[in-house]
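Trainee: Could we go through this structure together, with a reason for each term that we use?

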Amino acid sequence: MRMVLTIKESHHGLWRICSGEAVLYDGLRFAQAIRLARGLAREEHANSGRAVSVEMVCSEFSIALVHHAGPVTLQRAAA
């Protein structure tokens with residue numbers, strides 16, 4: 001099952017991160033919201049192996065910012 005985190009405009013030019021209807025974080029600056037949502041998606045994918053997407057949602061459109069899909073693989077350090 002895929003998880004979608006959305007970044008939506010909040011009050012007074014600030015932004016919020018949502019998962020479905022649940023507000024996870026609110027009152028964030030735009031760049032802060034993007035960085036935090038991407039980090040949350042990366043962590044959720046690494047921990048669960050589920051596909052996770054981050055989208056910025058406005059009333060007129062939606063923009064996909066990141067998508068983590070497929071199985072989680074451990075990267076080995078180069079010798």
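Mentor: Let us begin with the core, keeping in mind that this is a predicted model. The largest nonpolar core has 13 residues, and among these Ile7, Ile17, Ala33 and Val54 touch the most other members. Strand 1, strand 2, helix 1 (30-48) and strand 4 each supply at least two residues of this core.

Trainee: What makes this set a nonpolar core?

Mentor: The term asks for buried residues of nonpolar kinds, Ala, Val and Ile among them, that are joined through side-chain atoms within 4.5 Å. In soluble globular proteins, nonpolar side chains tend to be buried together.

Trainee: Which residues is Ala33 in contact with, leaving aside neighbours within four places in sequence?

Mentor: Ala33 is in contact with Ile7, Trp15, Ile17 and Leu28, where contact requires heavy atoms within 4.5 Å.

Trainee: How many helices and strands does the chain have, and what pattern do they follow?

Mentor: The chain has one helix and five strands, and along the sequence they follow the pattern β-β-β-α-β-β. The five strands form an open sheet with mixed pairing, in the order 3-2-1-4-5.

Trainee: Why do strand 3 and strand 5 stand at the edges?

Mentor: Strand 3 (22-28) and strand 5 (62-68) each have a single partner strand, so one side of each is left without a neighbour in the sheet. From one strand to the next, the twist averages 20 degrees.

Trainee: How do you know that strand 1 and strand 4 are paired?

Mentor: Two strands count as a pair if there are at least two bridges between them, and six bridges join strand 1 (residues 3-9) to strand 4 (residues 52-57); therefore the two strands satisfy the condition. They run parallel, and one of the residues involved, Ile7, has Met56 in strand 4 as its bridge partner.

Trainee: How many salt bridges are found in the whole structure, and why does the contact of Glu55 with Arg2 deserve that name?

Mentor: A search of the whole structure finds three salt bridges. The name requires a side-chain nitrogen of Lys or Arg within 4 Å of a carboxyl oxygen of Asp or Glu, and the closest N and O atoms of Glu55 and Arg2 are 3.8 Å apart, so the pair meets the limit. Glu55 lies in strand 4 and Arg2 in the segment before strand 1, so this salt bridge ties together parts that are 53 residues apart in sequence. Side chains of opposite charge can pair when their charged atoms come close.

Trainee: Which other side chains meet in salt bridges?

Mentor: Arg16 and Asp26 meet at 3.6 Å, N to O. Arg16 lies in strand 2 and Asp26 in strand 3, so the pair ties together parts that are 10 residues apart in sequence. The side chains of Glu44 and Arg50 also meet in a salt bridge, at 3.1 Å from N to O.

Trainee: Are Glu44 and Arg50 buried or exposed?

Mentor: Buried means under 20% relative accessible area and exposed means over 50%, with partly exposed in between. Glu44 has 24%, so this residue counts as partly exposed, and Arg50, at 30%, is partly exposed as well. Asp26, at 42%, also counts as partly exposed.

Trainee: Why is Ser10 called buried, and where does this residue lie?

Mentor: Ser10 lies in the loop between strand 1 and strand 2, and its relative accessible area is 16%, which is under the 20% limit, so Ser10 is called buried. Not counting residues up to four places away in sequence, Ser10 touches Trp15, Arg16 and Asp26.

Trainee: What makes the meeting of Ser10 with Asp26 a polar contact?

Mentor: A polar contact needs a pair of N or O atoms within 3.5 Å, one able to donate a hydrogen and the other to accept it. The side chains of Ser10 and Asp26 make such a contact at 2.7 Å, so the distance is within the limit.

Trainee: What is the phi of His12, and why is this residue called exposed?

Mentor: His12 is found in the loop between strand 1 and strand 2 (15-19), and its phi is near 55 degrees, a positive value in a residue other than glycine. Most residues other than glycine have a negative phi. His12 has 81% relative accessibility, which is over 50%, so His12 counts as exposed.

Note on methods:
Residues are numbered from 1 along each chain as its sequence is written. This is a predicted model: local features need pLDDT of at least 70, side-chain atom pairs count only at pLDDT 80 or more; totals for chains, interfaces and linings use all residues. Side-chain values use heavy atoms; hydrogens and water are left out. Helices (H or I, at least four residues) and strands (E, at least two) are DSSP runs, numbered from the N terminus. Axes are lines fitted to C-alpha atoms, for helices over the stretch in contact, and angles run from 0 to 180 degrees between N-to-C directions. Buried means under 20% relative accessible area, exposed over 50%, partly exposed in between (1.4 Å probe, protein chains only).
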